[in-house]
Amino acid sequence: MNTARAATIVVAAVLVTSGCFANPVESLVEEAVSETVEKAVEAETGVDIEVGDNAQLPADWPVMTAIPEGKVLVAYAEEGAWGATFSVADTEAAEAPIQALQSTGFDIESEQTAAGVNVYLLTDGQWDVSYSWVGDPPEQVVVIINPHNG
């Protein structure tokens, strides 16, 4: 995925998941913004993206154990890459998929924690999973999956 496409997806995620919408009227605005962001990202990048209350993982999401318990906020698939942002309730919900991935044959290749940012890179030889969150407790988890390049 090129940098411009990735940046567009990140901006979309920030706009929609910023938590600025609290009441029913604002929820209607959020839905309209989500739909507008989806269409704009898809038009600009060609990436199929799901944003907001109706966001779902792509049907071909390849690694089911990489899904934290929580709500899908943003999800996309493009040219053999998949990504999603999930809301999570607590640190335990954020960490559980790492253990699930390890129990299905994934190894942690890299683990970094600095300034409240936690990033794990895992692989099973077929798939590479980047799994990250910010804060303690975390509010959101970002998962990116790519085919392993040997």
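**Figure 1. Exposed surface and overall fold of the protein chain in a predicted model.** The protein chain exposes about 8300 Å². Carbon and sulfur atoms supply 52% of that area. Of the 150 residues in the chain, 35% are buried. The secondary structure comes to 3 helices and 7 strands. Along the sequence these elements follow the pattern α-α-β-β-β-α-β-β-β-β. Take the contacts in the chain with a separation of 6 or more: residues 24 or more positions apart account for 43% of them.

**Figure 2. The largest nonpolar core.** This core has 24 residues. Which of them have the most contacts inside it? They are Val129, Tyr131, Val143 and Ile145. Several elements contribute: β2, β3, α3 (91-103), β5, β6 and β7 each supply at least two residues of the core. As a general background, nonpolar side chains in soluble globular proteins tend to be buried together.

**Figure 3. Contacts of Ile145.** Neighbours within four places in sequence are left aside here. Ile145 then touches Trp61, Pro62, Val63 and Ala66. Its contacts also include Gly80, Ala81 and Trp82. Trp127, Asp128 and Val129 complete the list. Val129 is, like Ile145, among the residues with the most contacts inside the largest core.

**Figure 4. A second nonpolar core.** This core is separate from the one in Figure 2 and has 5 residues. Among them are Val51, Leu73, Val74 and Tyr76.

**Figure 5. Aromatic cluster of Tyr120, Tyr131 and Trp133.** A search of the whole structure finds 3 aromatic pairs. One of them is Tyr120 with Trp133, a stacked pair. Their ring centres lie 5.8 Å apart, with 25 degrees between the planes. The pair links distant parts of the chain. Tyr120 sits in strand β5 (residues 117-123) and Trp133 in strand β6 (residues 127-135), 13 residues apart. How do the rings of Tyr131 and Trp133 meet, with centres 6.1 Å apart? Their planes stand at 80 degrees, so this pair is edge-to-face. Ring pairs thus join Tyr120, Tyr131 and Trp133 into a cluster.

**Figure 6. Burial of the aromatic cluster residues.** Are Tyr120 and Trp133 buried or exposed? Both are buried. Trp133 counts as buried because its relative accessibility is 4%, under the 20% cut-off. Tyr131 has 0% relative accessibility and so counts as buried too. Tyr131 also belongs to the largest nonpolar core, where it is among the residues with the most contacts.

**Figure 7. The cis peptide bond at Pro137.** Asp136 and Pro137 are joined by a cis peptide bond. Omega is about 5 degrees. Where does Pro137 lie? It is in the loop between β6 and β7 (138-147). For context, most peptide bonds are trans.

**Figure 8. Positive phi at Glu79.** Most residues other than glycine have a negative phi. Glu79 has a positive value, near 45 degrees. Glu79 lies in the loop between β2 (71-78) and β3 (81-87). Is Glu79 buried or exposed? Its relative accessibility is 71%, so Glu79 counts as exposed.

**Figure 9. Positive phi at Ala115.** Phi of Ala115 is positive, near 50 degrees, in a residue other than glycine. Ala115 is found in the loop between β4 (107-114) and β5. At 82% relative accessibility, Ala115 counts as exposed, because the value is over the 50% cut-off.

Note on methods
Residues are numbered from 1 along each chain as its sequence is written. This is a predicted model: local features need pLDDT of at least 70, side-chain atom pairs count only at pLDDT 80 or more; totals for chains, interfaces and linings use all residues. Side-chain values use heavy atoms; hydrogens and water are left out. Rings of Phe, Tyr and Trp (its six-membered ring) pair if their centres lie within 6.5 Å; planes under 30 degrees apart count as stacked, over 60 as edge-to-face and the rest as tilted. Helices (H or I, at least four residues) and strands (E, at least two) are DSSP runs, numbered from the N terminus. Buried means under 20% relative accessible area, exposed over 50%, partly exposed in between (1.4 Å probe, protein chains only). A nonpolar core is a set of buried Ala, Val, Leu, Ile, Met, Phe, Trp, Tyr and Cys residues joined through side-chain atoms within 4.5 Å. Contact means heavy atoms within 4.5 Å. Accessible areas come from the Shrake-Rupley method with a 1.4 Å probe; for residues, only the protein chains shown count as cover.
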